[in-house]
There are 2 protein chains.
Amino acid sequence: VTRLTPERTSEIHAATLELVATRGFASTTMDAIAEHARCSKATLYRQWETKVGLVVDAMQQLKPPPAPLPDTGTLKGDLHALVEGGITLVLESGVLITAILHAASQDTELREALQSRLAVDDERGEVEQLVDRAIARGEISPDPAVLAYLPLVFIAPMVLQPLLAEHKLDADVMNHYLDTTLLPLLGIPAA
Amino acid sequence: VTRLTPERTSEIHAATLELVATRGFASTTMDAIAEHARCSKATLYRQWETKVGLVVDAMQQLKPPPAPLPDTGTLKGDLHALVEGGITLVLESGVLITAILHAASQDTELREALQSRLAVDDERGEVEQLVDRAIARGEISPDPAVLAYLPLVFIAPMVLQPLLAEHKLDADVMNHYLDTTLLPLLGIPAA
């Protein structure tokens, strides 16, 4: 059996995500992916047992390349730097992110696969690490209950942006949101 | 031209939402709606000029029947009562809500139509009215900046529930979330 090259794998991933973003997960068939990626269905099934496996694998490519966490000396500075480094990618991926959210609410297998392999892990990991450091240096001492909700509060405007009628989301709006919600919840009052 | 009866209109709305939830908006054609609702395409186009018009109209049927706002004497009590009265409908509509979110991020016409006619207006209206009353009776005096983000903070767990790995969302989890995030942002500390 010939293995796919990394380049070919990455083309198939891109073709998969493009179809999911456009048509939605339910209407993206393995046939359509094979056609869009110009390969045979046999090639797809040799590498990925199921459509869910292929989509979850493809989504991992969406993660930005690992970068050092910001370290500005304050939690507010760190969160702003995180937003400025990552929001463009998130906004560009908005259609795909909402397509995957729809798919995850429909398909238990996909939802469980995402929850264990991706989901909000990326954001959660980074935000939580920044908060952990702020706790360690004595900048904040939050109620543990609020910590569990921080990833949700952090990603909400990015995922729900189509519903934000008034303001187009950008780094400034996102940072104002964090200053007004997430940081006060950690005891850092809005300026 | 024969007008559709309210019953027939309502069947067509239901068929439309069922297809959008299952296949996604992009893959829901007027042909498919006509077939699923057992009517002719001409019938659909006589009543609704476009697919967007039909979907937005159908979504308005999702709104719960108008009910009096809770009035328990405290903001916390009122918000909990609101959650208990409405969360079942929201959880049952999760697949459709995420389908619409995907559609709104893809399709400018649908997004603008939703923003002006529905979107989060329903929740926003109720939460904002409850907060206005709490301000009026002197229970809270929040920073105006936070008020703009309350609808987003309120709906986040309901829309993002497929990403919440650990806890299945129900009224208790939702109320704990509100006690830990939304209420403290308004100056009401978690118990």
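Okay, let's start with a helix pair: H5(A) and H10(A) cross in a right-handed way. Bear in mind that we're looking at a predicted model.

So who actually touches whom there? On the H5(A) side, the contact is made by A:Lys76, A:Leu79, A:His80, A:Val83, A:Glu84 and A:Ile87. Across from them, H10(A) brings in A:Ala171, A:Met174, A:Asn175, A:Leu178 and A:Asp179. If you sort the residues of that contact by character, you get six nonpolar, two polar and three charged.

Now the geometry. H5 of chain A covers residues 75-92, H10 of chain A covers residues 171-180, and the two pack at an angle of about 150° with their axes 10 Å apart. Anything over 145 degrees counts as roughly antiparallel, so that's what we call H5(A) relative to H10(A).

Let's stay on H10 for a second, because A:Thr180 sits in that helix of chain A, and is A:Thr180 buried or exposed? Buried: its relative accessible area is 6%, and the cut-off for buried is under 20%. And which residues does A:Thr180 touch, leaving out those up to four places away in sequence? Those are B:Ala145, B:Val146, B:Tyr149 and B:Leu185, over in chain B.

That takes us to the two chains. Chain A can be laid on chain B by a turn of 180° and a shift of 0.0 Å along the axis, with an RMSD of 0.0 Å. That's the relation of a two-fold axis. And the copies meet through the same surface, because 100% of chain A's interface residues are interface residues in chain B too.

Conventions
Residues numbered from 1 in each chain as written. Chains lettered and ligands numbered in written order. Predicted model: local features only at pLDDT ≥ 70, side-chain atom pairs only at ≥ 80, totals over all residues. Heavy atoms only, no water. Axes fitted to C-alpha atoms, helices over the stretch in contact; angles between N-to-C directions. Helix = DSSP H or I, 4+ residues; strand = E, 2+ residues; numbered from the N terminus. Parallel < 35°, antiparallel > 145°, perpendicular 65-115°, else oblique. Left-handed = near helix turned anticlockwise from the far one by under 90°. Contact = heavy atoms within 4.5 Å. Nonpolar A, V, L, I, M, F, W, Y, C, P; charged D, E, K, R; others polar. Least-squares fit on C-alpha atoms with pLDDT ≥ 70 in both. Buried < 20%, exposed > 50% of the residue type's maximum accessible area, 1.4 Å probe, protein only.
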